[in-house]
Amino acid sequence: MPGEFELIARHFSGLTPVRPDVALSVGDDAALLTPPSGQELVATVDSLVEGVHFFADCPPAALGHKALAVNLSDLAAMGARPAWVLLALALPGVDDVWLTAFSDGFGALARTCGVSLVGGDTCRGPLTVTVTALGFVPQGQALRRGGAQVDDAVYVSGEVGAAGLAVRARRGSLELPPLLATHAAQRLDYPQPRVALGLALRGLASAAIDISDGLLADLGHLCLASGVGARLDAARLPLPAGALQLSSCEALISAGDDYELCFTVPPDHESALAAAARTVGCPIACVGHIEATPGVRLIGADGVARLPVLAGHDHFR
């Protein structure tokens with residue numbers, strides 16, 4: 001069985017691109033990094049724990065991809081350009097086949113997004129993957145949760161709700177038709193961080209957040225930070241085809257794991273936003289508006305706005 005340092009050398013050395021702003025990378029006590037002049041450093045960290053964030057039978061390549069993707073999604077929500085990542089792995093044992101697939105998934109996304117793996121840690125323990133991602137944004141241009149104003153439009157990228165359907169299907173509480181099952185599994189296992197859209201939102205969006213705990217919960221966080229409320233129009237939500245035949249709208253948008261962006265845009269920026277979204281090739285949908293009354297209300301098919309009963313994911317609720 002390989003030791004810790006042989007494991008790192010075998011599976012993670014040379015895995016990601018070499019960046020000129022990395023003065024010292026894997027192999028020392030810490031990395032030496034050189035942020036560009038005039039930029040602010042943006043940092044985020046997420047842990048994925050077996051049985052909490054992913055199922056025991058999750059394909060290792062998918063887990064490697066997702067562990068990085070959820071962090072890059074946080075950077076995207078800040079309008080940051082990703083640059084460097086650190087990876088900490090707690091492993092119950094050394095499985096070369098599993099590690100090869102995991103590193104393949106992690107490395108493929110890292111190369112696509114141009115980020116360098118610059119350090120980390122390995123230890124024995126229950127399977128847990130922790131990634132710290134670092135990026136940068138021009139000083140004063142970071143997107144934040146606070147900043148939404150009354151009459152701003154509320155947008156979401158991509159599609160919401162499919163990952164939550166996949167979770168319910170894997171738990172055995174819901175049976176999905178084959179095509180939807182395949183689509184939902186892909187959305188759960190291989191979320192696509194909206195890095196290019198996040199960069200394009202600088203100067204256009206008044207506030208932004210990534211959707212990790214469900215649209216209802218995360219829009220609620222944005223509204224709370226901004227001191228406002230919001231109305232969502234159920235008819236305008238980008239839901240998976242056929243999903244409403246299997247689940248309520250409220251359940252779909254209270255489920256987590258979408259890793260799309262939710263953001264608010266002033267009326268005079270909406271035409272520029274449409275052009276920016278086309279340029280980066282990311283679908284977006286206007287799903288509601290910001291209003292003064294606190295809370296998030298959902299407008300149903302009857303045109304009545306109601307406070308949702310369901311809440312998003314909360315580790316300790």
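Me: What is a salt bridge, and what is the N to O distance between R187 and E260?
Reply: A salt bridge is a side-chain nitrogen of Lys or Arg within 4 Å of a carboxyl oxygen of Asp or Glu. In this predicted model, R187 and E260 form such a pair. Their closest N and O atoms are apart by 3.0 Å.

Me: Happy to have that settled! How many residues apart in sequence are R187 and E260?
Reply: R187 belongs to helix α5, while E260 belongs to strand β10. The pair therefore links distant parts of the chain, and the separation is 73 residues.

Me: Are R187 and E159 buried or exposed?
Reply: These two also form a salt bridge, with the closest N and O atoms 3.9 Å apart. Buried means under 20% relative accessible area. R187 has 13% and E159 has 17%. Because both values fall under that cut-off, R187 and E159 count as buried.

Me: Which parts does the pair of R187 and E159 tie together?
Reply: The two residues are 28 residues apart in sequence, so their pairing ties together separate parts. R187 lies in helix α5 (residues 178–189). E159 lies in the loop between β7 (153–157) and α4 (162–170).

Me: Which residues do salt bridges that share partners join into one network?
Reply: A search of the whole structure finds nine salt bridges. R187 pairs with E159 and also with E260. Salt bridges that share partners give one network of E159, R187, R194 and E260.

Me: Let's turn to the sheet. Which strands are its edge strands?
Reply: Seven strands form an open sheet with mixed pairing, in the order β8-β10-β7-β11-β9-β12-β13. An edge strand here pairs on one side only. The edge strands are β8 (207–211) and β13 (305–306).

Me: Why is β8 largely enclosed by the rest of the structure?
Reply: β8 pairs with β10 in the antiparallel sense over five bridges. Helix α2 (residues 60–77) packs on the sheet and touches both β8 and β10. β8 is largely enclosed because the number of its five residues that are buried is five.

Me: Which residue of β11 stands opposite A230?
Reply: Strand β9 (residues 229–233) and strand β11 (residues 284–291) run antiparallel and are joined by four bridges. Opposite A230 in β11 stands I290.

Me: Which of R231 and E291 is buried, and which is partly exposed?
Reply: Their side chains meet in a salt bridge of 3.1 Å, N to O, linking strand β9 with strand β11. R231 has a relative accessible area of 36%, so R231 is partly exposed. With 18%, the buried one is E291.

Methods:
Residues numbered from 1 in each chain as written. Predicted model: local features only at pLDDT ≥ 70, side-chain atom pairs only at ≥ 80, totals over all residues. Heavy atoms only, no water. Pairing = 2+ DSSP bridges. Contact = heavy atoms within 4.5 Å. Axes fitted to C-alpha atoms, helices over the stretch in contact; angles between N-to-C directions. Buried < 20%, exposed > 50% of the residue type's maximum accessible area, 1.4 Å probe, protein only.
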